[in-house]
Amino acid sequence: MVQQQPVHAAPTSEAELVLRIRDLHTYFYTVVGVAKALNGVNLDIPYGKVLGIVGESGCGKSVTALSAMRLVLPPGRIVKGEILLNRIRREGDTYTVLDEVNITDLDPRGHEIRSIRGREIAMIFQEPMTSLNPSYTVGNQIVEAILLHQDVSKEEARDRAINILRRVELPNAEAVVDRYPHELSGGMRQRAMIAMALSCTPSLLIADEPTTALDVTTEAEILDLMRELQAQMGMTIVFITHNLGVVAQMCDQVAVMYLGRVVESAPVDDIFYDPQHPYTQALLRSIPRIGSRTKKRLEPIRGVVPDPYADIRGCPFHDRCSACMPGICDVRVPAMSVLPGKVGHEVRCFLHSDAYEGDDGHVA
Ligand SMILES: Nc1ncnc2c1ncn2[C@@H]1O[C@H](COP(=O)(O)OP(=O)(O)O)[C@@H](O)[C@H]1O
Ligand SMILES: [Mg+2]
């Protein structure tokens, strides 16, 4: 199906979604048991927007990203679900959907997923050294990425590499191109990694806690840069973070994850001003509000995240939830349901809907 879409229109159909994740289950089969990292993740990633994924450490944010790139390594495995990528060609202010690929069907070491990585979906990590190779210069690595996906000469690729280093505002790009990663500061390395990710103008950039390891000043600079590049290039970004302040600055839409599921999904303002899931509300009470005049005390979320090996009955949040309804919340898993009168606001909680998931994942 070939469809022309304006770049900045609000998403209304599947053709306006770069990526759709449906009922994704990813497990790790370890010697101590099965770690159920993802238990039915659903996500819609609209074209040209920034989607934030938030949640406490261990809730499955990174495994979701790695699953989409098919970079989950044994003993981990995608056991169920679909990851559907719309391959897109951009021309000026419009884009054309070329075809749809089910990423879960691909061989993780095959040619097709390798051509998707970098060109369609690029990823940047918290620690730049996980994607930058210490034994090659920054320039060589960017040139290599360009040559892998684009039909240009080595000289042309080097010029493009210098250009992209300028674009991420690295001072003295002509010199930095010949430097090794260890010769750069943390902030510069992060810029170099963003440059590498952008070098093939991917349709989707997944940024997994890209600023967590940086000091606050450098973090603010990198966030500004990403926002600017996103606006200029109309790029789609999935921004993974446990920092809600960063979400407020960066994101259009937010998905809140808990124990391998999305429990609330809404436009960023609704998440901050009208959160509905008791977990989202607790998460918000646990962080400082920038600019808040009231001197409300921060409240840590009570209890701890259950370990992913445990078999939990009912809503995975019920034993930490102050609104838990015994006999209901500890029996069944609530299904995601749309809040009446709201656009794009969904929540998985029995306070809002009686819908629950059957054993086979079907909504009853
Ligand atoms: N290689 C692995 N082996 C076993 N369990 C893993 C592995 N990688 C991730 N997990 C488990 O998957 C869950 C989700 O992890 P992750 O996606 O990294 O969380 P986060 O939201 O902090 O990014 C965690 O409980 C983690 O222990
Ligand atoms: Mg992580």
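How many residues of domain 1 are in contact with how many residues of domain 2? My notes start there and work outward; keep in mind that this is a predicted model.

1. **The domain contact.** The count is 18 residues from domain 1 and 15 from domain 2. On the domain 1 side, the elements that give two or more residues are H1, strand E8 (204–208) and helix H7 (216–233). H7 has the largest share of that side, with 6 residues. If you sort the domain 1 side by class, you get 13 nonpolar, 2 polar and 3 charged residues.

2. **How the chain is split.** Domain 1 takes in 1–114 + 205–308, and domain 2 is 121–201. Taken over C-alpha atoms, the centres of domain 1 and domain 2 are 24 Å apart.

3. **The ligand shell.** Ligand 1 has 14 residues around it, and Phe28, Ala37, Lys61, Ser62 and Val63 come nearest. The elements giving two or more residues to this shell are strand E2 (17–30), strand E3 (33–46) and helix H1 (61–68). H1 gives the most, with 3 residues. By class the shell comes out as 6 nonpolar, 7 polar and 1 charged.

4. **H1 is worth a look.** It turns up in the shell around ligand 1 and also on the side of domain 1 that touches domain 2. Of its 8 residues, 7 are buried, so H1 is largely enclosed by the rest of the structure. Those buried residues are Lys61, Ser62, Val63, Thr64, Ala65, Ser67 and Ala68. Lys61, Ser62 and Val63 are also among the residues that come nearest to ligand 1.

5. **Just past H1.** Right after the helix, Arg70 takes a positive phi of about 55°. A little further along there is a cis peptide bond between Pro74 and Pro75, with omega about 10°. Pro75 sits in the loop between H1 and strand E5 (76–91). I'd have a look at this stretch on screen.

6. **The open sheet.** There are 8 strands here, in the order E7-E8-E9-E4-E10-E11-E14-E13, and the pairing is mixed. Strand E7 (121–124) and strand E13 (337–338) are at the edges with a single partner strand each, so each has one side without a neighbour in the sheet.

7. **E4, inside the sheet.** What about strand E4 (residues 50–54): how many of its residues are buried? The tally is 5 of the 5, so E4 is largely enclosed by the rest of the structure. Side chains in a regular strand alternate between the two faces of the sheet. Here Val50, Gly52 and Val54 point one way, Leu51 and Ile53 point the other way, and all are buried. E4 runs parallel to strand E9 (residues 236–240), joined by 4 bridges, and Ile53 has Ile240 as its bridge partner in E9. E4 also pairs with E10 in the parallel sense over 4 bridges, with Val254 in E10 as the bridge partner of Gly52.

8. **E7, at the edge.** Ile121 and Met123 point one way from E7, Ala122 and Ile124 point the other way, and all are buried. E7 and E8 run parallel and are joined by 4 bridges. Within that pair, Ala122 stands opposite Leu205 in E8.

9. **E11, E14 and a helix on the sheet.** Strand E11 (residues 261–267) and strand E14 (residues 346–347) pair in the antiparallel sense over 2 bridges. Ser265 has Glu346 as its bridge partner in E14. Helix H10 (residues 278–285) packs on the sheet, where it touches strand E10 (253–258) and E11; the direction of H10 makes about 100° with that of E10.

10. **Two positive phi values to compare.** Neither residue is a glycine: Asp23 has a phi of about 50°, and Leu259 has one of about 45°. Asp23 lies in strand E2, while Leu259 is in the loop between E10 and E11. Buried or partly exposed: which label goes with Asp23? Asp23 is partly exposed, because 14 other C-beta atoms lie within 10 Å and buried takes 20 or more. Leu259 has 24 other C-beta atoms within 10 Å, so Leu259 is buried.

Conventions
Residues are numbered from 1 along each chain as its sequence is written. Chains are lettered from A and ligands numbered from 1 in the order in which they are written. This is a predicted model: local features need pLDDT of at least 70, side-chain atom pairs count only at pLDDT 80 or more; totals for chains, interfaces and linings use all residues. A residue is near a molecule or strand if its C-beta atom, placed from the backbone, lies within 6 Å of it. Ala, Val, Leu, Ile, Met, Phe, Trp, Tyr, Cys and Pro count as nonpolar, Asp, Glu, Lys and Arg as charged, and the others, Gly among them, as polar. Two strands pair if DSSP finds at least two bridges between them. Two residues are in contact if their C-beta atoms, placed from the backbone, lie within 7 Å. Axes are lines fitted to C-alpha atoms, for helices over the stretch in contact, and angles run from 0 to 180 degrees between N-to-C directions. Domain bounds come from an automatic or database domain assignment. A residue is buried if 20 or more other C-beta atoms lie within 10 Å of its own, exposed if 12 or fewer, and partly exposed in between; C-beta atoms are placed from the backbone.
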